[in-house]
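Grab a coffee and open the structure viewer. Here is a short set of exercises, each with a worked solution to check yourself against.

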Amino acid sequence: MPTRRHLLASLSSLTLAACGGGGGSPPPPPAPAPALRLSSDRSQYFVGEQAELRVEFSGSGARLEPGFGRVQSGQVLRTRALAGPLQLRLEVDAAPGQTPQRAELNLDVRYRDRFSPVGDFSASSHSALALADGRVLVLGGSRGGVVLSDGIDRFDPVQRRFERIGSLSSGRSEATAVQLPDGRVLLAGGITALPVANRTELIVPSTGQVQTSGNLAQTRHGHSLTLLANGRVLIAGGTARASAELWDPQSGRLSFTASPMQHDRSGHSATLLSDGRVLIAGGHRIGEGPYVFAELFDPASGRFTPLPEQGLAPRAAHSAWRAPDGRVLLLAGERARGDSLEVLADALRFDPQTLRFETLPGLGQARTLAQAAPLGDGRWLLLGGQSVGERALRRNEAWAPGQAALPRAELPEPRVLHSLTPLPDGRLLVLGGEGLQGQLVPTALLYE
């Protein structure tokens with residue numbers, strides 16, 4: 001009979017056999033997932049500020065987009081000045097056939113909803129143009145002198161100061177301007193102090209140098225100026241004008257388009273579409289006959305084609321913007337009702353795919369001659385202007401399609417005939433304008 005010692009020895013040997021022998025070791029634990037982190041120094045930022053980022057990952061390298069490219073683990077990076085909410089994507093290098101690791105970070109960027117003074121600058125009916133280098137060029141206008149101003153000034157948002165850099169060939173107001181691909185600025189039309197209203201001028205923003213560049217066949221004010229994808233400039237309409245002209249950057253000469261618009265237009269909008277055509281919408285007309293609300297200009301043929309009739313009432317002095325999805329918004333404005341004006345509190349949205357407009361309600365304030373600019377979060381700021389019984393408005397609002405308008409900080413002083421210019425860091429330059437009594441408003445502001 002086996003003894004108790006023999007039984008214990010047998011059990012012990014069976015246990016060792018089940019474990020694979022006494023000399024083995026347990027399997028290693030699974031390797032920890034490689035570290036992957038994309039973080040920022042704060043949870044919220046205001047427009048114009050910079051974010052500090054830190055990237056951590058295992059691997060030879062990675063890409064951080066948009067705007068950074070190749071990065072190394074442990075790097076501390078700074079964004080450019082933030083103009084609105086930003087989504088960042090980190091993708092780590094992976095071997096062929098393997099799925100790369102990815103991380104995302106959403107930066108919450110908001111407006112303080114306030115106005116900050118940046119100096120004195122009195123002007124109305126001037127031209128203000130955002131330059132490619134982030135500065136703003138201010139041209140002509142009424143500046144309180146006996147005659148219209150011929151001033152060429154430049155605003156530096158970093159130093160917060162204005163600098164006079166040159167003079168136009170004549171005082172000029174209600175002109176339109178556009179920056180060309182080579183950096184120069186083309187100025188055309190408007191009302192001039194000297195009899196040179198048909199003269200177009202080229203301005204070099206870095207030096208203030210001015211040269212004449214061809215003459216319009218017809219003088220124009222209340223017209224539009226649009227830089228086309230091919231580098232030419234479309235100058236369309238104006239009071240009692242149905243014609244349009246093309247400026248050629250190679251020769252500096254102007255020529256009529258192959259066809260005129262359907263009728264005269266002033267105070268209309270001209271918006272470059274994603275496919276290179278131009279949407280001409282609204283405007284006042286002097287002539288008789290049926291009113292055509294909108295038409296398309298095709299640079300390839302040089303012709304205007306009316307859009308299908310939708311029974312839309314006239315609209316002028318509105319603000320027009322192409323949204324990121326390619327559709328075009330027409331905001332507020334006015335229409336003539338006999339000897340009076342009706343001020344509008346709605347918007348229209350044009351779809352280039354269907355060639356149709358839809359009416360969008362929701363503006364909080366009927367206004368005309370307002371200035372509008374995108375805020376970077378899908379909304380538009382409507383600032384100042386006129387309304388029924390109010391020569392100049394102090395109230396402002398932020399609006400987006402399908403959303404109720406939100407009141408924004410009021411202007412320190414009411415303004416109309418002012419300008420609103422987006423800066424690269426998301427802030428907006430509010431310049432000039434006239435107050436309730438027609439006086440020039442002297443203080444330039446930054447909305448931030």
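The exercises below go through sheets, a hairpin, hollow spaces and a few single residues of what is a predicted model.

**Exercise 1. An open sheet of three strands**

Work out the order of the strands in this open sheet, and say which of them stand at the edges.

Solution.
- Start with the order: the three strands line up as E1-E3-E6, and their pairing is antiparallel.
- Now the edges: strand E1 (36-40) and strand E6 (76-78) each have a single partner strand, so each has one side without a neighbour in the sheet.
- Then the twist: neighbouring strands here are turned by 20° against each other on average, direction ignored.
- Finally, zoom in on one pair: E1 and strand E3 (residues 52-57) run antiparallel and are joined by five bridges. One bridge to look up is that of Ser 40, whose partner in E3 is Leu 53.

As background, strands of a sheet pair through backbone hydrogen bonds, either parallel or antiparallel.

**Exercise 2. An open sheet of four strands**

Do the same for the sheet that holds E35, E36, E37 and E38.

Solution.
- Order: E35-E36-E37-E38, again an open sheet with antiparallel pairing.
- Edges: E35 and strand E38 (406-408) pair on one side only.
- Twist: on average, neighbouring strands of this sheet are turned by 25° against each other, direction ignored.
- One pair up close: four bridges link E35 and E36 in the antiparallel sense, and Ala 373 has Leu 381 as its bridge partner in E36.

**Exercise 3. A hairpin**

How many residues lie between E31 and E32, and which residue in the turn has a positive phi?

Solution.
- Find the two strands: E31 covers residues 334-337 and E32 covers residues 340-343.
- Check how they pair: they run antiparallel, with four bridges between them. Arg 337 is bridged to Ser 340 in E32.
- Read off the turn: two residues separate the strands of this hairpin, and Gly 338 in the turn has a positive phi of about 65°.

**Exercise 4. A pocket and a cavity**

Describe the largest pocket, then the largest cavity, by volume and lining.

Solution.
- Pocket volume: the largest pocket holds about 1,900 Å³ of space.
- Pocket lining: 44 residues line this pocket, and Thr 176, Ala 177, His 223, Leu 225 and Gln 371 lie nearest its centre.
- Where the lining comes from: the elements that give two or more residues include strand E11 (127-130), strand E16 (176-179), strand E21 (224-227) and strand E35 (371-374). You met E35 above as an edge strand.
- Pocket character: the lining divides into 19 nonpolar, 22 polar and three charged residues.
- Cavity: the structure has one cavity of 30 Å³ or more, and the largest cavity takes up about 80 Å³.
- Cavity lining: among the residues around it are Val 292, Phe 293, Leu 307, Glu 309 and Phe 357. By class, that lining has seven nonpolar, two polar and one charged residues.

**Exercise 5. Buried or partly exposed?**

Sort Ser 213, Gly 384, Asp 113 and Ala 240 into buried or partly exposed.

Solution.
- Set the cut-off: buried means under 20% relative accessible area, and partly exposed runs from there up to 50%.
- Ser 213 sits in strand E20 (residues 210-215). Its relative accessibility is 6%, so Ser 213 is buried. The side chain of Ser 213 also makes a polar contact of 3.0 Å with that of Trp 247.
- Gly 384 belongs to the loop between strand E36 (380-383) and strand E37 (396-399). Gly 384 counts as buried because its relative accessibility is 0%.
- Asp 113 is in the loop between strand E9 (109-110) and strand E10 (115-120). At 23%, Asp 113 is partly exposed.
- Ala 240 is in the loop between strand E22 (233-236) and strand E23 (244-247). At 46%, Ala 240 is partly exposed too.

**Exercise 6. Backbone oddities**

Find what stands out in the backbone at Asp 113, Ala 240 and Pro 66.

Solution.
- Asp 113 is not a glycine, yet its phi is positive, near 60°.
- Ala 240 is not a glycine either, and its phi is positive at about 65°.
- Pro 66 lies in the loop between strand E4 (62-65) and strand E5 (69-71). The peptide bond from Glu 65 to Pro 66 is cis, and its omega is near 5°.

Note on methods:
Residues numbered from 1 in each chain as written. Predicted model: local features only at pLDDT ≥ 70, side-chain atom pairs only at ≥ 80, totals over all residues. Heavy atoms only, no water. 1 Å grid on protein atoms, 1.4 Å probe; cavity = no way out; pocket = protein on both sides within 12 Å on 5 of 7 lines; lining within 4 Å. Points joined across faces, edges and corners; volume = space filled by probe spheres on them. Nonpolar A, V, L, I, M, F, W, Y, C, P; charged D, E, K, R; others polar. Pairing = 2+ DSSP bridges. Axes fitted to C-alpha atoms, helices over the stretch in contact; angles between N-to-C directions. Buried < 20%, exposed > 50% of the residue type's maximum accessible area, 1.4 Å probe, protein only. Polar contact = N/O pair within 3.5 Å; in protein donor to acceptor, adjacent residues only side chain to side chain.
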